[in-house]
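Thanks for coming. I will go through one structure today, with the coordinates on the screen. Please keep the viewer open while I talk.

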Amino acid sequence: MNEMTYTRLGQSGLIVSRLALGTMTFTYGSDWIPGVAKVGETEAGRMVDTAFETGVNLFDTADGYSNGEAETILGKSLAGKREKAVVCTKIGFRNSDHIPDAGLSRSQIFQQVEKSLTRLNTDWIDLLVLHKTDFTTPLEETLRALQALIDSGKVRYIGCSNWPAWQVARAIQFQRDNGMDQFIAGQYLYNAVARDIESDVLKMADAMGLGLMAWSPLAAGLLTGKYDLSKTDQGEGRLAQGDFLQISPQHAQSVLAAVSAVAEAHNATSAQIALAWILNKRRDHTVIIGASKQSQLEASLAAASLTLSQAEMDAIDGAMTPARRYPAWFDDMMTDELHTKVLS
């Protein structure tokens, strides 16, 4: 039986399930990302119901998923259940050929939020996430627009996704200095192969009070164990559509071997262990799971109840330890020296 666990997202009172149902696969037939968006309205409704039944209350979408279709389908699937759901949507990507129709200007943010509210058939967005950076718009303009939305009641919490650590820290400091609501969550690519954010983003998030929402926890399928990693460009899955995540299948092979060994010991699948690895990293991590089939969703949800030993975590960690980059390695060296000479 699945035992869903919950956490408060960042430094907030917002309680969310540690597994979130992602809706990137929801579509009415858009060719947005071939091999990914292929779940229609009826099947999506079943997935949302299954998620609720297993304790999921967090649902993640974006205005750009299938040109807004995913938001519309999620809105219909939540009819009569909206009060039980924590809805996260994202804005910032280009939505049309109209030149201003992209980015994070005040006018664009207001416009896209209104469209998202309509598609989601809701009066409020629980968590609004900025999907990308926009270095052509003053950061202060973006943050003040977000605050205006919170003050209006249309948005309750805010976060960011895919931002460099320094930009997030700069934004939060501005919010604090001006008595504004701060970001409570960061959505980042994170899995047992793609661990770049361990060098600075996760440290920043811990210091600044952001909760992690990990996307692509299975590395676009590389960690499911169902693909021949020497032939990822073949077949009909998302891996055949290109290396969007820039993850080397060769690097994934050693991690998959470690994940598979742990999976065998738990009588679980490699995908379940890959999800459990993130959940076991920190108590406040949340993981966005997506599915193109009901069976995939049910299998992923089962990862919520998996507990990995420290030895198992170390085995997966050690399969591909991220390179220590400057100035991180210098900081680690100085910290070790201080501990040896002063604290020991």
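Gly211 sits in strand 9. Keep in mind throughout that this is a predicted model. Is Gly211 buried or exposed? Its relative accessibility is 1%, and a residue under 20% is called buried, so Gly211 is buried. Leaving out residues up to four places away in sequence, Gly211 touches Leu9, Gly10, Ile184, Ala185 and Gly186. For a distance across the chain, take Lys90: Gly211 and Lys90 are 121 residues apart in sequence, and their C-alpha atoms are separated by 16 Å.

Gly211 also brings us to a cavity, since it belongs to the lining of the largest one. How many cavities of 30 Å³ or more are there? The count is 1. The volume of the largest cavity is about 30 Å³. Along with Gly211, the lining consists of Gly186, Tyr188, Val201, Leu202, Ala205, Leu210 and Leu212. Three elements each supply at least two of the lining residues: strand 8, residues 185-189; helix 6, residues 201-208; and strand 9, residues 211-215. Helix 6 has the largest share, with 3 residues.

Next, the nonpolar cores. As background, nonpolar side chains in soluble globular proteins tend to be buried together. Here the largest nonpolar core has 92 residues. Which of its members touch the most others? They are Phe26, Phe59, Trp163, Val168, Phe183, Ile273 and Ile316. Among the elements, helix 8, residues 270-281, gives the most to this core, namely 8 residues. A separate core of 13 residues lies apart from it, and its members include Leu58, Leu127, Ile184 and Met213.

Back in the largest core, take Ile273 as an example. Not counting its neighbours within four places in sequence, Ile273 is in contact with Val259, Val262, Ala263, His266, Ala268, Leu306, Leu308 and Ile316. Ile316 is itself on the list of residues that touch the most other members.

A second example of a buried position is Ser300, in helix 9, residues 294-301. Its relative accessibility is 9%, which is under the 20% limit, so Ser300 counts as buried. Beyond four places in sequence, its contacts are Leu19, Leu275 and Ile289.

Now the aromatic rings. A pair of aromatic rings is described by the distance of the centres and the angle of the planes. The structure has 7 aromatic pairs. One of them is Phe52 with Phe59: the centres are 5.0 Å apart and the planes are at 50°, so this pair is tilted. Both Phe52 and Phe59 are buried.

Tyr326 and Trp329 make another tilted pair, with 5.8 Å from centre to centre and 55° between the planes. How accessible is Tyr326? Its relative accessible area is 62%, and the exposed class begins over 50%, so Tyr326 is exposed. Trp329, at 35%, is partly exposed. Together with Phe330, these two residues form one aromatic cluster.

Two rings have a charge over them. Lys84 lies over the face of Phe52, 4.7 Å from the ring centre. The charged end of Arg82 sits over the ring of Trp124, at 4.1 Å from its centre.

Last, the backbone. Most residues other than glycine have a negative phi, and most peptide bonds are trans. There are three places to look at against that background.

Where is the cis peptide bond at Tyr326? It runs from Tyr326 to Pro327, with omega near 5°. Pro327 lies in the loop between helix 10, residues 310-319, and helix 11, residues 328-343. Tyr326 is the exposed residue from the tilted pair with Trp329.

Asn162 has a positive phi, near 70°, and is not a glycine. Asn162 is found in the loop between strand 7, residues 155-161, and helix 5, residues 165-177. With a relative accessibility of 34%, Asn162 is partly exposed.

The other positive phi I want to show is at Asn267, at about 55°, again in a residue that is not a glycine. Asn267 belongs to the loop between helix 7, residues 249-266, and helix 8. Its relative accessible area is 74%, over the 50% limit, so Asn267 is exposed. Helix 8, on one side of that loop, is the element that gives the most to the largest nonpolar core.

How values were computed
Residues numbered from 1 in each chain as written. Predicted model: local features only at pLDDT ≥ 70, side-chain atom pairs only at ≥ 80, totals over all residues. Heavy atoms only, no water. Core = buried A, V, L, I, M, F, W, Y, C linked by side-chain atoms within 4.5 Å. Buried < 20%, exposed > 50% of the residue type's maximum accessible area, 1.4 Å probe, protein only. Helix = DSSP H or I, 4+ residues; strand = E, 2+ residues; numbered from the N terminus. Contact = heavy atoms within 4.5 Å. Phe/Tyr/Trp six-rings, centres within 6.5 Å; stacked < 30°, edge-to-face > 60°. Lys NZ or Arg CZ within 6 Å of the ring centre and 35° of its normal. 1 Å grid on protein atoms, 1.4 Å probe; cavity = no way out; pocket = protein on both sides within 12 Å on 5 of 7 lines; lining within 4 Å. Points joined across faces, edges and corners; volume = space filled by probe spheres on them.
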